[in-house]
Amino acid sequence: MTCYYAFNGDADGLCALQQLRLVETQQATLVTGVKRDIALLRRIRGQAGDTVTVLDVSLHQNREDLLRLLESEVSVRYFDHHHAGELPRHSLLEAHIDEAADVCTGILVDRHIGGRYRAWDVVAAFGDNLTEPARAMALQAGLDAQATSALEKLGICLNYNAYGESIEDLHCHPADLAELILPFRDPASFIEQTEIYGKLYARYEEDMAKARRAAIRPGRGAAIIVLPNEPWARRAVGVLTNELAQSRRDTALAILSPKASGGFTVSVRVPADSPVSAAEFCREFETGGGRRSAGGINYLAEADLDRFAACFEARFGTR
């Protein structure tokens, strides 16, 4: 029997994984990649008796391979907060799906294990731009302002590390990062006792300084920002999008990062009171998806840029 953990390489996926691995001590094969690499189940062949735990990738995007695994008598646990569609009914599927705007996968795992490693959940929520839930959990956990700020920076750095067109764009492979995190029951100890956090934070500061200079500050309604075709821009796009979303809560944002091979990846954030969700809008494009307040398109062809801009302005622009 083989045990697999298939997880998004961002902060939410990493911290959800860490919480489970601290509870479950069995040896497992890790399946992950850059943040946009979400069709993870296609990499798992699986056979009868194997177990797969899926963390922070859309069931909708993995439906075909999920059904294949279940039909092969593979047991699957699924923790996620993205658009799922209709859940398959199967005795070997254990689904923990919640698409609420104030939930991330780390929170779902925290619920599942009874809050045993809440500090890692705080990191997950900060990394997923759920600032208010993260601060509320930190307060409940008795963390002071300094400790909370440290976990916020860690969440942002872990999230930042997952953005890139390929693994070569990243500073640390998410699977390697998961192994570096594993010995630490407390994220504060990880921050204090490892070199990787300091390296990630330094690279994050360098990239974000460039990104903030490149970004055009949006006005009301809707704004589209196109970043340069550089590795630092591909790494910075997620955090930059979150920063702008926090500072301009009444503005729908689309930040486009050119791909080296042509076309763009797109990150979308919409106001909390938007009648159209980010996920709903992004699913109008072939590789789009996400959740209510945050979505993305893995590949937008250059030929579709004008159509995208017109649709975005029509849906979110000030009338």
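I began with the pairing of strand 1 (residues 3-7) and strand 3 (residues 51-55), which run in the parallel sense and are joined over five bridges. I keep in mind throughout that this is a predicted model.

To fix one point of that pairing, I looked up Tyr 5, and I found that its bridge partner in strand 3 is Thr 53.

I then asked myself in what order the five strands of the open sheet lie. I read the order as 2-1-3-4-5, with parallel pairing. Strand 2 (29-31) and strand 5 (93-97) stand at the edges, and because each has a single partner strand, one side of each is left without a neighbour in the sheet. I also noted that neighbouring strands of this sheet are turned against each other by 10° on average, direction ignored.

Next I looked for what packs on the sheet, and I came to helix 2 (residues 59-71), which touches strand 3, strand 4 (75-80) and strand 5. The direction of helix 2 makes about 165° with that of strand 4.

I turned last to Arg 235, which I located in helix 10 (residues 231-247). Is Arg 235 buried or exposed? I count Arg 235 as buried, because its relative accessibility is 13%, which falls under the 20% limit.

I then followed the side chain of Arg 235, which makes a polar contact of 2.7 Å with the side chain of Asp 207, while one of its polar atoms lies 3.1 Å from the backbone oxygen of Asp 169. Leaving aside residues up to four places away in sequence, I listed Tyr 160, Tyr 163, Asp 169, His 171 and Asp 207 as the residues that Arg 235 touches.

Technical notes. Residues numbered from 1 in each chain as written. Predicted model: local features only at pLDDT ≥ 70, side-chain atom pairs only at ≥ 80, totals over all residues. Heavy atoms only, no water. Helix = DSSP H or I, 4+ residues; strand = E, 2+ residues; numbered from the N terminus. Buried < 20%, exposed > 50% of the residue type's maximum accessible area, 1.4 Å probe, protein only. Polar contact = N/O pair within 3.5 Å; in protein donor to acceptor, adjacent residues only side chain to side chain. Contact = heavy atoms within 4.5 Å. Pairing = 2+ DSSP bridges. Axes fitted to C-alpha atoms, helices over the stretch in contact; angles between N-to-C directions.
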